[in-house]
Amino acid sequence: MTDAYLGRIGKLIRDARQHRGWTQSQLADALGTSQSAVNRIERGNQNISLDMIARIGEALDSEIVSLGYAGPMHLRVVGGRRLSGSIDVKTSKNACVALLCATLLNAGRTTLRRVARIEEVYRILEVLASIGVRHRWINDGNDLEIVPPAELDLGAMDTEAARRTRSVIMFLGPLLHRMDHFKIPYAGGCDLGTRTVQPHMTALRHFGLEVTATDGTYHAQVDRSVSPTRAIVLTERGDTVTENALLAAARHDGVTVIRNASSNYMVQDLCFFLEELGVKVEGVGTTTLTVHGVATIDRDVDYAPSEDPVEAMSLLAAAVVTESELTIRRVPVEFMEIELAVLEEMGLDHERSPEYRADNGRTRLLDLTVRPSKLRAPIDKIHPMPFPGLNIDNVPFFAAIAAFAQGQTLIHDWVYDNRAIYLTDLNRLGADVKLLDPHRVLVEGPTRWRSAEMMCPPALRPAVVVLLAMMAAEGTSVLRNVYVINRGYEDLAERLNSIGAQIETFRDI
């Protein structure tokens with residue numbers, strides 16, 4: 001390569017590293033080289049092979065050089081291996097995206113601790129950056145600092161990034177206090193069938209927001225003369241619906257009562273964060289929230305979201321299906337108590353540590369050691385319910401666990417239109433999963449897992465369930481196009497490898 005080309009490549013690598021929030025030393029560690037070598041590469045003073053460019057691109061999750069187009073990411077899984085040791089649960093993906101949206105309420109500086117480094121977070125950050133919100137990763141890339149501008153430039157919004165995440169719908173609550181009319185793109189995210197946004201519109205209408213949808217865009221108009229005159233009763237006890245109502249109520253100068261509210265983990269984290277902003281929230285953990293809003297919020301705040309119960313369930317299921325002894329640390333137990341009660345009845349051998357508090361000072365955590373167990377199918381069907389019931393996002397993991405257990409398990413995933421259909425992908429790996437209707441599957445176990453090559457389901461949790469089954473299957477499996485997993489899990493393959501899995505990330509050339 002010419003010196004000029006090496007310089008251009010070096011600049012691209014430096015920019016990608018800084019975008020990820022890494023130091024040169026962190027990139028060097030990921031590549032198994034020295035910090036001085038990375039420094040020479042970035043300055044264009046080091047010859048570099050295409051193989052090294054590909055490795056750097058993989059480490060930074062950035063396409064440094066395009067050979068036609070950026071191919072999707074795949075996973076090659078060598079299954080049949082036992083896991084061992086211990087692993088920490090990362091912070092909640094769903095809480096982090098809600099808190100990022102909530103930073104639009106605050107004119108001051110917001111610091112969020114141990115933010116999940118996932119595609120969903122990156123998409124929201126891209127949208128925020130495009131409208132003028134400054135952010136930077138600090139403390140070796142672990143924490144995120146966010147500073148909003150005096151005026152947002154919604155006309156410059158990165159619509160491509162916005163359309164790739166459903167979380168952008170939570171911009172409505174904060175933005176209605178900042179401008180009289182605005183527009184945002186339709187929300188995207190997982191392919192989980194028709195997911196109406198009408199409950200959001202019904203709730204926010206109490207604050208004067210009217211929305212019309214045309215040409216792939218929500219056009220919002222705010223009538224400042226309208227404010228809540230009675231309790232807001234949500235027509236759906238949804239997490240994002242409740243969060244949107246909370247975000248709107250936070251800067252309403254008065255008292256807002258929200259009934260039929262979700263009390264799930266991400267909603268509680270949002271409530272705790274709002275309290276840091278000076279908004280009093282009564283009834284946290286119940287279905288009735290009373291919000292004492294403030295018209296202006298200008299505070300420098302520091303907040304640490306709690307751990308992700310769905311990731312904890314993912315790791316628990318990985319231990320079960322691979323018949324491993326594994327300690328899962330920092331499990332938010334209050335959001336997994338029903339799951340653990342069901343698994344205990346199924347015969348799960350496990351041990352719990354004494355409880356302790358998460359970094360937010362509120363959420364209860366413990367360390368959970370799971371041991372190889374002979375499981376039997378539960379007597380009752382597995383079905384989700386709003387908190388404190390079995391978590392909606394934890395239902396798919398019971399498909400893999402039920403396939404491991406002895407007997408028949410009925411799983412009723414009543415919330416989403418077609419997520420249950422994706423669970424039949426486990427049949428490609430040797431499971432016996434019968435689709436009874438779009439919401440119900442019958443799982444017969446135990447399963448003799450077998451390796452396979454297949455496309456990743458387009459829904460996050462079923463995609464991870466397929467990956468876990470591949471880890472249990474003897475031989476080598478390939479899971480293609482795993483972007484959806486990266487939306488919700490940070491470095492999942494690498495972290496599973498750290499406890500004994502053998503998963504290789506690769507792209508087609």
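## Salt bridges and sheets: a quick tour

Glutamate 355 is partly exposed, with a relative accessible area of 44% (buried means under 20%, exposed over 50% and partly exposed in between, with a 1.4 Å probe and protein chains only). The side chain of glutamate 355 meets that of arginine 364 in a salt bridge, 2.8 Å from N to O. A salt bridge here is a side-chain nitrogen of Lys or Arg within 4 Å of a carboxyl oxygen of Asp or Glu. Arginine 364 is partly exposed too, with a relative accessible area of 22%.

This is a predicted model, in which local features need pLDDT of at least 70 and side-chain atom pairs count only at pLDDT 80 or more, while totals for chains, interfaces and linings use all residues. Residues are numbered from 1 along each chain as its sequence is written, and side-chain values use heavy atoms, leaving out hydrogens and water.

**More salt bridges**

- Searching the whole structure turns up 31 salt bridges.
- Arginine 113 and aspartate 143 form a salt bridge through their side chains, at 2.7 Å from N to O. Arginine 113 sits in the loop between strand E3 (110-112) and helix H6 (119-130), and aspartate 143 belongs to strand E5 (residues 143-147), so this pair ties together parts that are 30 residues apart in sequence. The names H and E come from DSSP runs, with helices (H or I) of at least four residues and strands (E) of at least two, numbered from the N terminus.
- The two partners differ in their surroundings: arginine 113 is partly exposed at 25% relative accessible area, whereas aspartate 143 is buried at 7%.
- Arginine 330 has a salt bridge with glutamate 307, and their closest N and O atoms are 2.8 Å apart. Because arginine 330 lies in strand E14 (residues 326-331) and glutamate 307 in the loop between strand E13 (301-303) and helix H12 (309-321), the pair ties together parts that are 23 residues apart in sequence.
- Both arginine 330 and glutamate 307 are buried.
- These two residues also belong to a network of salt bridges that links Arg114, Glu307, Arg330 and Asp359.

**A helix with a buried side**

- Which residues of helix H3 (residues 35-42) are buried? They are Ala37, Val38, Ile41 and Glu42. These residues cover an arc of only 135 degrees around the axis, which puts them on the same side of H3 (the arc is taken from the directions from the helix axis to the C-beta atoms).
- An α-helix has 3.6 residues a turn, so residues three or four places apart point the same way.
- Glycine 44, just after H3, takes a positive phi of about 80 degrees.

**The sheet of four strands**

- An open sheet is built from 4 strands in the order E9-E10-E12-E11, with mixed pairing. Strands E9 and E11 (280-282) stand at the edges with a single partner strand each, so one side of each is left without a neighbour in the sheet. Two strands count as paired if DSSP finds at least two bridges between them.
- Strand E9 (residues 232-233) runs parallel to E10, joined to it by 2 bridges. Valine 233 has arginine 259 of E10 as its bridge partner. On the way from E9 to E10 the chain passes through helix H10 (residues 239-250), and this β-α-β crossover is right-handed: with the strands pointing away from the viewer, the path from the first strand over the helix to the second runs clockwise.
- Strand E10 (residues 255-259) has two faces: Thr256 and Ile258 make up the covered one, while Val255, Val257 and Arg259 make up the uncovered one.
- E10 and strand E12 (residues 288-292) run antiparallel and share 5 bridges. Here arginine 259 stands opposite threonine 288.
- E11 pairs with E12 over 3 bridges in the antiparallel sense, and glutamate 282 stands opposite threonine 290 in E12.

**The sheet of three strands**

- Another open sheet has 3 strands in the order E18-E20-E19, with antiparallel pairing. Its edges are strand E18 (407-412) and strand E19 (432-437), each with a single partner strand, so one side of each is left without a neighbour in the sheet.
- Strand E20 (residues 440-445) is joined to E19 by 5 bridges, and the two run antiparallel. Valine 433 has valine 443 in E20 as its bridge partner.
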